[in-house]
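Reader: I'm new to this one, so could you take me through a single part of it slowly? I'd like a close look at the place where two of the chains meet, and what sort of contacts are found there.

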Amino acid sequence: MPALEIITIILFAVFAVYDYGKSHLTEKREYVFQDVHVMIFIGFGFLMTFLKRYGFSSVGINLLLAAFGLQWGLLTQGIWHLDDGKIKVSIFKIINADFSTATVLISFGAVLGKTSPVQLLIMTILEITIFSINEHLVATVLEANDVGASMIIHAYGAYFGLAVARVLYRPGLRNGHENDGSVYHSDLFAMIGTVFLWMFWPSFNSAIADPGFTQLTAVINTYLSLAACVLSAYAISSLVEHKGKLDMVHIQNATLAGGVAVGTCADMNIGPFGAMLIGLVAGIISTLGFKYLTPILASNLGIQDTCGVHNLHGMPGILGGLAGIVAVALGKKEGGNAAMQAAALASSLGFALVGGAITGLIMKLPFWGQPPDQNCFDDSIYWEVPEEEEENEESLAHGDHSKNKAEV
Amino acid sequence: MPALEIITIILFAVFAVYDYGKSHLTEKREYVFQDVHVMIFIGFGFLMTFLKRYGFSSVGINLLLAAFGLQWGLLTQGIWHLDDGKIKVSIFKIINADFSTATVLISFGAVLGKTSPVQLLIMTILEITIFSINEHLVATVLEANDVGASMIIHAYGAYFGLAVARVLYRPGLRNGHENDGSVYHSDLFAMIGTVFLWMFWPSFNSAIADPGFTQLTAVINTYLSLAACVLSAYAISSLVEHKGKLDMVHIQNATLAGGVAVGTCADMNIGPFGAMLIGLVAGIISTLGFKYLTPILASNLGIQDTCGVHNLHGMPGILGGLAGIVAVALGKKEGGNAAMQAAALASSLGFALVGGAITGLIMKLPFWGQPPDQNCFDDSIYWEVPEEEEENEESLAHGDHSKNKAEV
Amino acid sequence: MPALEIITIILFAVFAVYDYGKSHLTEKREYVFQDVHVMIFIGFGFLMTFLKRYGFSSVGINLLLAAFGLQWGLLTQGIWHLDDGKIKVSIFKIINADFSTATVLISFGAVLGKTSPVQLLIMTILEITIFSINEHLVATVLEANDVGASMIIHAYGAYFGLAVARVLYRPGLRNGHENDGSVYHSDLFAMIGTVFLWMFWPSFNSAIADPGFTQLTAVINTYLSLAACVLSAYAISSLVEHKGKLDMVHIQNATLAGGVAVGTCADMNIGPFGAMLIGLVAGIISTLGFKYLTPILASNLGIQDTCGVHNLHGMPGILGGLAGIVAVALGKKEGGNAAMQAAALASSLGFALVGGAITGLIMKLPFWGQPPDQNCFDDSIYWEVPEEEEENEESLAHGDHSKNKAEV
């Protein structure tokens, strides 16, 4: 890590300067940047704290990867837009850097609990580098629309992570793991992540939209898509679960699928009605995915997707890409080209699968400190963990309560 | 639920379009909208997680009701302001939709733990519909001032909820319920809600104020009222409790009463001093209400008010309405009319009590899945709840620790 | 407390009016003010919830001190800038009032768990009063640069608190205290504080910068410094801990040192590279401080620094002051004067140590309800605490589970 940061700082010393161009100086960008920041650090970080013994890693490694990723993203994205040989750092660029880290945090969800911090830093470097190539291709070469990044962030991040998870398949976890589950309070911590993601998603999808009505449209479409998505996620969760009960996994995740799916056409003239329809469908397929598809992926395809990113980011991301193709074909975006939209989706999926597979192979090398099966989903392999309550309980059962407390 | 959302989407298809009018395009509104969003989804949601076994429902059903309520609120409020037969969706309108859901979430607090999701969705539909009528009456017909909505949101929401709670009175809970209480960590989760509500209340009270100095005045008055309120809430809590201790229930709730009470005159020229005085009084009556009034309401009037919304929203809301009458009478608001202010308060209370009673009767019909007394305040009737720690403990005491853990 | 608030309100009645001057009316200030608010109330409040039995006090007393402190800060800072004998309340002034409370909350960290609410209110009054004198001296007399307040808030607050802690030295806690530690979930609550502080620090450091490019520079420098700091904090934590594990104490705190240390020169033209270098160094010295210096301060100098504010605010604050001297000497700030920068640092440290020592002596008077050693770090001395799970467990072990539950 120290070497990595020192190299990064040297690269900044060589390339990075402030951007004194007038164009990036809008107040709007600045508070939107803070909203996106909250999604990256609180949203993704706490969303993954649902695991009963992996909260330190979820929020802590999330912080590590994001803090490194945003530096790396500034560099790898900046390389494509050098100005006098320099990367000019602006609010616009740091929003884009935050975006690039989102892909890593999505992939992190697929391999959560089964990878070491070093493995994940390697994934960060490679995934963001490849992201920057695909992003340049989609935005500058294909000139496709993807304002809320259904394709280049969500679908890309999900399938990249799933490809990594496939390569790192662990037969030893085929029958589950005692720590691969939640407890009551860990589910509440996760809801902090869910709700902050849900609330600030309109900022995410509108962050790089053209200011004015376009941006406003992106805010309203995202707001309505998410609202409709909540209803369908609750309805389907209750339909597929035993005795009509709700499942926290669905509520924590599928309620957000509407934000993913409306991303590509968030700034298009699809109408409030169109946005809600997209959200409704996203909530349905996401919940059904958690219930029926995730177990099949694990048992039949060897893809152990810890957080179910396929359901929250993968399928809704593809849905978003398809919705974008249709919307552009229907003329909902001035200057849009449906073929280019389709090419952007294909490109994002291709880079994700190939890039993820190669990255997975590198991560599989035996010297990165990958945890053994029995230590998966357990903070204590990488963190000093305070003596646990359950230990207390055990000793309680053995009758030596007071002694044990004194040692805590 | 699916039918409900589909009907809503159809209504949006018929009525809703984007608002391309210039007037609503201010950046200020957009970040204020996010602040209000945080209050609705994190603030109200986590404030109610204080119950030891009802956190999933508190934050989860809060999300469901708010997500549906904001769609419904857009429709029912929009109906009054059709433009070419259409509801033009703008940031201003979605702030107002968020506001309309606040009434429901306040009422939710009164019946928390004792109602089913279906009952609550029915309450959402009816309460927001009636709110829209009263809001139209107060704002457009009476032309009363209520910028921070002490009357039309807080007093209305509280007395609506209390009327519902009265109708749904449960004699079986007269002597309390083992789950109607907090544990250490649930009280900390609730403080997340309290603090976010406290911090963003200035945005709430200034969200629909005229931009410029009026809005600024609303921010400053709210800020000062809340600050003074904290001091009086702590002082009174310590005075009335055993050995001068503080009570978390008071701190979680009464510290916010200043935001409620200053609402109506937030944008008036009441002076920093006036705002602080209102906050001081609000903190006192709210804390005393929790200590002395809530038990009397429950035992003598059959009003079982789970979260004490009468103390946080009811009495402070009326105080706000009265302060508004006085302030307008003293000429603190240009063009204000004290009689109209009084009429607005009476109207809000009237609609709340009558509307709440009727809604309660509908909710009391026996086919909405109301939980039996023994399952009140317990997530496990509506949620898949992870095997609980205490269960583990029980089995621990029985000596079969390892077996139990493997099953989790 | 009631008397205190009443006196404060009277002072406001005499002195405070709204500011109708045009100059303070920018939207930027308003959302930045909310960001700073989040840091003060959520950030500091939850950062201190890491203690297993002191969460109510951490977040609750934090709210009390901040709510009072901001009123007091408005008065004591306003006194220096009277206009027609009045304090004109503006967003700019309430940001500064929030800032003044930050010094108290930093000092609170040094004495956390060992002081009564009354002692802390006394500290609030004195510390903010002295802060206002030093701030006036630094900003108006010396005309030194300290936009992000490394010197006048962080170094001042830390050394003030350490001086208080020295005076209040408790020999009885020399060998630790069973409650002076975390449990798993309390560490997660603390991470809420850490992450919100981390995210909104760019707003803190840029809040009072001149609008435009200066402010933008402060945002970007802080963002990059914090990002680099995370990497060095993780790297050093892993290097110094047993088996390369990470320590939550380091992650919760040292990851923020970059925000402190870049404060003074946040708005200077130090380049992205310079900002990152400052962050890198701050993360290193902060982590090393937690590991090696804090135990020495406690055992050799009698300074029991509960939260390690010396490592998060003290040393990084001095580093920030020194970096400012160097940057000004190198001409990175137009009109800067290195000697004045040095004088500002010396002044801040001097006021802190002398002011803290005197304040500590006053706080040591025996009638402020200071907790006895055995009740330190325990909410139950000042709060009604819900019957604890561990109690349940104890009774569980004794076999009377059901009876105990019914009483809860």
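Author: Across the interface of chain C and chain A in this predicted model, 15 residue pairs turn up in polar contact, with both partners at pLDDT 80 or more. Salt bridges are another story: the rule finds zero of them across the interface of chain C and chain A.

So who does the touching? Chain C brings 60 residues to the contact and chain A brings 69 residues. On the side of chain C that touches chain A, those residues split into 36 nonpolar, 10 polar and 14 charged. Quite a few elements of chain C each put in at least two residues on that side, including the helices α2 (27-47), α7 (184-206), α8 (213-240) and α11 (271-301), along with the strand β3 (246-247).

That strand is worth a pause. β3(C) runs parallel to strand β4 (residues 383-384) of chain A, and two bridges join them. There, Trp383(A) sits opposite Leu246(C).

Now for the area. Together, chain C and chain A bury about 5,700 Å² between them, and 74% of that is on carbon and sulfur atoms. Looking just at what chain C buries against chain A, Tyr184(C), Tyr223(C) and Leu231(C) supply 14% of the area, more than any other three residues.

One last thing, about how the copies are arranged: a rotation of 120 degrees, with 0.0 Å of shift along its axis, superposes chain A on chain B (RMSD 0.0 Å). That is the relation of a three-fold axis. The copies use different surfaces, too, as 18% of the contact residues of chain A recur in chain B.

Definitions and conventions
Residues numbered from 1 in each chain as written. Chains lettered and ligands numbered in written order. Predicted model: local features only at pLDDT ≥ 70, side-chain atom pairs only at ≥ 80, totals over all residues. Heavy atoms only, no water. Least-squares fit on C-alpha atoms with pLDDT ≥ 70 in both. Contact = heavy atoms within 4.5 Å. Buried area = accessible area lost by both parts, 1.4 Å probe. Salt bridge = Lys/Arg side-chain N within 4 Å of Asp/Glu carboxyl O. Polar contact = N/O pair within 3.5 Å; in protein donor to acceptor, adjacent residues only side chain to side chain. Helix = DSSP H or I, 4+ residues; strand = E, 2+ residues; numbered from the N terminus. Nonpolar A, V, L, I, M, F, W, Y, C, P; charged D, E, K, R; others polar. Pairing = 2+ DSSP bridges.
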